[in-house]
Amino acid sequence: MIFTNNDEALQIIIINTNAENDLENEYINKINKYENGIVLLKDKLIYKNNILSQNIEYSYENILNFYDIQEFEKQDVLNFVNSINGIGLYSGFVLFIGMYMFVIYFISTLIDAFMLAILGFVLARIIGVKIKFKATFNIGVYALTLPIILNLIYIVINAFTGFTIRYFQWMYTTISYIYVIVSILIIKTDLINRQMELMKIIEEQEKVKKELEEKERQEKEKREREEHKENNDDDEKTKQKKKKDKEDNGIEDSGLAPQE
């Protein structure tokens, strides 16, 4: 049995408890054409939701074990439904499905973040940026923030208005991948700018160092010239003094004494 209604929460419902593998794959391909759908088979059910990246399979056996149900017959189901009110049944079902979908969506988001982290890590190595995997994982988480917000807005709008966007999941994935790539390239550009600034600083330091060395050399030469000049002046004074002494000695030797 196949029920389709685009106005319902489950747009397609397929029931076949005798389906083989070929039919099962055909049913999966059929519900994948809708945003929401379910396939009821002999031993499991397959649930498709547009907010999830893949279909969910529920095993009847696991469901029975979870609720500790030993036997499962039609009359048991009727008795169970008649023994509880409809609001409690629906509330419990919605709560269970909501929690289960939250866990699945959370795990799916972590897997997406992990894949984005691998992409960022590989891209960083290719362009020569040394970055830890933890940092690329953080970038992947930030990259998923905007797509998740857009996805939640889309789910709310779709639930109330039925408005759909074709290839929305592709856009969801593309935004996160573009974010990671741009982030790594920005980090690379920032590192290049820092290296250029560092090279400019080193060049300025070398220039200042040369200027200081040149200044010290000039001061040293100036001191040496002054010292040399002082030495020359002292030598000149010494020569003049010696010359005067000789002249004085020459006058005494000739017997001429200076008149008083």
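Let me begin with the count, which comes to three salt bridges in what is, I should say at the outset, a predicted model. As general background, side chains of opposite charge can pair when their charged atoms come close.

The pair I would like to take up now is Glu 57 with Lys 44, whose side chains meet in a salt bridge with an N to O distance of 3.4 Å. Glu 57 sits in strand 5, residues 56-59, while Lys 44 sits in strand 4, residues 44-49, so this salt bridge ties together parts that lie 13 residues apart in sequence. As for their surroundings, Lys 44 has a relative accessible area of 17% and is buried, because the cut-off for that class is under 20%, whereas Glu 57, at 46%, counts as partly exposed.

Let me turn to helix 6, which spans residues 168-253 and holds both Asp 190 and Arg 194, four residues apart, or about one turn of the helix. Their side chains meet in a salt bridge at 3.1 Å, N to O; Asp 190 is partly exposed, with a relative accessible area of 35%, and Arg 194, with 54%, is exposed.

Helix 6 also contains Arg 217 and Glu 214, which are three residues apart, again about one turn of the helix. Here the side chains meet in a salt bridge with an N to O distance of 2.3 Å, and with regard to accessibility, Arg 217 is partly exposed at 38%, while Glu 214 is partly exposed at 33%.

Terms used: Residues are numbered from 1 along each chain as its sequence is written. This is a predicted model: local features need pLDDT of at least 70, side-chain atom pairs count only at pLDDT 80 or more; totals for chains, interfaces and linings use all residues. Side-chain values use heavy atoms; hydrogens and water are left out. A salt bridge is a side-chain nitrogen of Lys or Arg within 4 Å of a carboxyl oxygen of Asp or Glu. Helices (H or I, at least four residues) and strands (E, at least two) are DSSP runs, numbered from the N terminus. Buried means under 20% relative accessible area, exposed over 50%, partly exposed in between (1.4 Å probe, protein chains only).
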